[in-house]
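User: I'm new to this one and keep tripping over the vocabulary. Could you show it to me and explain why the labels are what they are?

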Amino acid sequence: MSELGLEDRERFEQLVLPHVDAAFNLARWLLRGRTDAEDVAQEALFRACRFFRGFHGGDARAWLLQIVRNTCYTWLEKNRPVELSMEFDEELHLQTCATPETLAIASDDRKRLTLALETLPPRFREVLVLRELEGCSYKEIAAITSIPIGTVMSSLSRARRQLYSALANSSQGACP
Amino acid sequence: MRCAFADSLLQGYFDGELSDRRATEFERHLRHCVQCSTELVDLDLLRDRLQLTQLYEPATASLRRKINARLHAIAPTTPASQPRLWHWLAVAAALLLVAILLGRVGHGLRGDDYQAELAGEIVDAHARSLQLGLITGIASNDERVVKEWLDGRAGFAVPVRDFANGGFALKGGRVDVIEGRAVAVLVYERNRRPINVFIWRTREPDTSARTGSRQGYQWVDWRRGKMEFCAVSDANPVDLEQLHQLIDSSA
């Protein structure tokens, strides 16, 4: 990262590197896989490094996550454009959990939740991941995703209902 | 039907994002709203499960290694960076000049600035609604049904008219948040393209239409009868003007 001088490099290590976990976690959930997440998170961090001179304090985590998110969307557009046009489908999880294979896979909560979360369209998934896993405030989520707080709330609401019904359905052992 | 607060205040309350005053107000609502109380329990349960299952995935060791390797691999300054510095300084100077010029132009337009900024935000909301597939909160071509749904949520009497005869079929409505306030949105369709008409109350006097475009979307904004209207679409600008005339003549 020749872009950074010694002083900037120290600042980068202090401010940005503590959020590498957050960067990877967001990429992992947006891309639904560790291998792709590692590549894209790495690219995002290199980009963060290049843009670091333009970062004048403030919330370093939100700043980094914004770059991670944009890098993920660019990657998705190029490699899996269909996923971006995925629409919110209240029925989707029912169909998904109705097949015997997925029922067998979804043997515990963790797998069920992972499956339900990955079934959400990316724009709902990211809001939920940022809130529930990353503990971001609405204001931070709005800054990272560039969507207004009202939409953050309504997306959270729909995503949560979907996840909850996925749990409730599978704990009954079968899908209606 | 779900309680109107379930998608907004309930989430805010659950996440501790409401002001003390609004939280107290919402607690009062909770006492007699069975739906919200039940959903609050579900939300709690879901959060417990999410925490128990530990879905958070920290960075892999190899990612950390790669980043550290890259960070420490190259010496911070090399002689080769000298010409590049001049190059970047030249670019910076050019950008500064552009910024100054834009600043001047912007200054001259200050009267319209706010309007353009607002329209920009509305265009963003329109584009987002398409991306998110949240085109309608209520899907109906029945003026009365849409009006009833919107009035309660937007907090004012929203003029809802179907212009299917004029080529603008009413598809439904929703409530969006622009600059922190709830705004009613009517959704029309013209040649299979959605047109969103954002409506909110204003104290300003009537104005004639102003138009503009942004990110490939056209907008027309006007005020009439203490209400401001902003129609947005990627349809032909002539269509938007026609819809403006229809709305104005029906008022």
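Analyst: Let's start with Ala6(B), which sits in the segment before helix 1 of chain B. A helix here is a DSSP run of H or I with at least four residues, a strand is a run of E with at least two, and both are numbered from the N terminus. One caution: this is a predicted model, where local features need pLDDT of at least 70 and side-chain atom pairs count only at pLDDT 80 or more, while totals for chains, interfaces and linings use all residues. As for names, residues are numbered from 1 along each chain as its sequence is written, and chains are lettered from A and ligands numbered from 1 in the order in which they are written.

User: Why is Ala6(B) called partly exposed?

Analyst: Count the other C-beta atoms (placed from the backbone) within 10 Å: 20 or more means buried, 12 or fewer means exposed, and in between is partly exposed. Ala6(B) has 18, so partly exposed is the label.

User: Which residues does Ala6(B) touch?

Analyst: Two residues are in contact if their C-beta atoms, placed from the backbone, lie within 7 Å. Not counting residues up to four places away in sequence, Ala6(B) touches Ser157(A), Gln35(B), Cys36(B) and Glu39(B). Glu39(B) is 33 residues from Ala6(B) along the chain, yet their C-alpha atoms are separated by 8.0 Å.

User: What about Arg153(B): how do you know its exposure class?

Analyst: Arg153(B) belongs to helix 7 (residues 143-154) of chain B. It has 16 other C-beta atoms within 10 Å, so it's partly exposed too. Its contacts, leaving aside neighbours within four places in sequence, are Ala4(B), Val175(B) and Ala182(B). The C-alpha atoms of Arg153(B) and Phe5(B) are 9.4 Å apart, with their positions 148 residues apart along the chain.

User: What makes Gln54(B) exposed?

Analyst: Just 9 other C-beta atoms lie within 10 Å of Gln54(B), so it meets the exposed cut-off. You'll find Gln54(B) in the loop between helix 3 and helix 4 of chain B. It has a positive phi of about 50 degrees although it is not a glycine.

User: And why does Arg192(B) count as exposed?

Analyst: Arg192(B) has 6 C-beta neighbours inside 10 Å, so exposed it is. Its loop runs between strand 3 (181-190) and strand 4 (193-201) of chain B. Arg192(B) isn't a glycine either, but its phi is positive at about 70 degrees.

User: Over to chain A. What is its secondary structure?

Analyst: Eleven helices and zero strands. Of its 176 residues, 44% are buried.

User: Why are helix 2 and helix 4 of chain A called roughly parallel?

Analyst: Their axes, lines fitted to C-alpha atoms over the stretch in contact, give an angle on a scale from 0 to 180 degrees between N-to-C directions. Under 35 degrees is roughly parallel, over 145 roughly antiparallel, 65 to 115 roughly perpendicular, and the rest oblique. Helix 2 (residues 20-31) and helix 4 (residues 60-79) of chain A pack at about 30 degrees, with axes 9 Å apart. Helix 2 and helix 4 of chain A are therefore roughly parallel. Among the residues making that contact are Leu26(A), Leu30(A), Leu65(A) and Val68(A).

User: Then what makes helix 3 of chain A oblique to helix 4 of chain A?

Analyst: The axes of helix 3 (residues 34-51) and helix 4 of chain A come within 9 Å and cross at roughly 130 degrees. That value falls in none of the named ranges, so helix 3 of chain A is oblique to helix 4 of chain A. Here the residues that meet include Ala44(A) and Phe51(A) of helix 3 and Leu64(A) and Trp75(A) of helix 4.

User: How do you know that the buried residues of helix 8 of chain A line one face?

Analyst: Helix 8 (residues 109-119) of chain A has Arg112(A), Leu113(A), Ala116(A), Leu117(A) and Thr119(A) buried. Seen down the axis of helix 8, they fall within an arc of 160 degrees, so they line one face. The arc is that of the directions from the helix axis to the C-beta atoms. An α-helix has 3.6 residues a turn, so residues three or four places apart point the same way.

User: Last one: how many residues does each chain give to the contact between chain A and chain B?

Analyst: Chain B gives 36 residues and chain A gives 42. On the chain B side, the elements giving two or more residues include helix 3 (34-53) and strand 2 (169-178).
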